[in-house]
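I opened the notebook today to go through a structure, helix by helix and contact by contact. Here is what I looked up, in the order I did it.

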Amino acid sequence: MNALVSRLGLRRWRARRALRHALVLDQIVDTELPLLAAFDEERRRRSADHLAELLELARDYRYYANGWIDGRELDRRGQQVVERLEELRTCRAK
């Protein structure tokens, strides 16, 4: 019984932590979004793509917190976001 309680407590802690991560990502997007209006069209598009990736990651953290995906899937999706952000950065440098 104690092992079950411990696992449930750990799961709740991980879910709360995932929701905190999602909230931080949301705050980053909320802070950066108004700045897009001052950018030229090309930079605005690139920045919007970057912010969209952060929103997708926040969504994935919420999916994990709700138990819809497991930690392994969250890691996989997070790695995909990092790879896409790297692609965006690389395309900008060209």
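Before anything else I set my terms: I call a residue buried under 20% relative accessible area, exposed over 50%, and partly exposed in between. I also keep in mind that this is a predicted model.

**Entry 1: glycine 71**

I tried the terms on glycine 71 to begin with. Its relative accessibility is 29%, so I put it down as partly exposed. I found glycine 71 in helix H3, which covers residues 71-93. Then I checked its distance to arginine 14: the two are 57 residues apart in sequence, and their C-alpha atoms are 9.6 Å apart in space.

**Entry 2: the arginines of the surface patch**

Arginine 14 led me to a patch of positive charge on the surface, where Arg12, Arg14, Arg16, Arg17 and Arg20 gather. I picked arginine 12 from this group for a further look. Its place is in helix H1, residues 2-32. Is arginine 12 buried or exposed? I read 52% relative accessibility, so arginine 12 counts as exposed.

I also took the distance from arginine 12 to leucine 57. They are 45 residues apart in sequence, and 20 Å lie between their C-alpha atoms.

**Entry 3: leucine 57**

That made me curious about leucine 57 itself, which has its place in helix H2. With 15% relative accessibility, leucine 57 counts as buried. Which residues does leucine 57 contact, leaving aside neighbours within four places in sequence? I noted Leu25, Gly78 and Val81.

**Entry 4: further along helix H1**

I went back to helix H1 for three more residues, starting with aspartate 26, which is found there. Its relative accessibility of 16% makes aspartate 26 buried, because the cut-off is under 20%. Not counting residues up to four places away in sequence, aspartate 26 touches Leu55, Ala58 and Arg62.

Isoleucine 28 is found in helix H1 too. I got 36% relative accessibility for isoleucine 28, so it is partly exposed.

Valine 29 is my third residue in helix H1. At 5% relative accessibility, I counted valine 29 as buried. Its contacts, again without residues up to four places away in sequence, are Leu51, Leu54 and Leu55. Leu55 was already in my notes as a residue that aspartate 26 touches.

I used glutamine 79 as a far point for two of these residues. Isoleucine 28 is 51 residues from glutamine 79 in sequence and 19 Å from it in space, C-alpha to C-alpha. For valine 29 and glutamine 79, 50 residues apart along the chain, the C-alpha separation is 19 Å.

**Entry 5: salt bridges**

How many salt bridges does the structure hold? My tally came to 10. I looked at several of them in turn.

The side chains of arginine 84 and glutamate 56 form one, with N to O at 3.2 Å. Arginine 84 belongs to helix H3 and glutamate 56 to helix H2 (residues 41-65), so this pair ties together parts 28 residues apart in sequence. Arginine 84 is partly exposed, with a relative accessible area of 28%. Glutamate 56 counts as partly exposed as well, at 30% relative accessibility.

Next came arginine 77 and aspartate 60, whose side chains meet in a salt bridge at 3.0 Å, N to O. Here arginine 77 lies in helix H3 and aspartate 60 in helix H2, so the pair ties together parts that are 17 residues apart in sequence. Aspartate 60 has 2% relative accessibility, so I marked it as buried.

Arginine 77 has another partner in my notes: glutamate 73, with the closest N and O atoms 2.8 Å apart. Why is the separation of glutamate 73 and arginine 77 about one helical turn? The two are four residues apart in helix H3, so that is the spacing between them. I found both glutamate 73 and arginine 77 buried.

**Entry 6: putting the last pairs together**

To finish, I asked which residues are linked with arginine 77 in a network of salt bridges. I wrote down Arg59, Asp60, Glu73 and Arg76 as the residues linked with Arg77 there. Two of the pairs I had just checked belong in this picture: arginine 77 with aspartate 60, and arginine 77 with glutamate 73.

Definitions and conventions
Residues numbered from 1 in each chain as written. Predicted model: local features only at pLDDT ≥ 70, side-chain atom pairs only at ≥ 80, totals over all residues. Heavy atoms only, no water. Patch = residues over 30% accessible without salt bridge, like charges linked within 9 Å, V, L, I, M, F, W, Y side chains within 5 Å. Areas by Shrake-Rupley, 256 points an atom, 1.4 Å probe, with all protein chains shown as cover. Salt bridge = Lys/Arg side-chain N within 4 Å of Asp/Glu carboxyl O. Lys, Arg positive; Asp, Glu negative; His and termini not counted. Charge placed at Lys NZ, Arg CZ, Asp CG, Glu CD. Buried < 20%, exposed > 50% of the residue type's maximum accessible area, 1.4 Å probe, protein only. Contact = heavy atoms within 4.5 Å.
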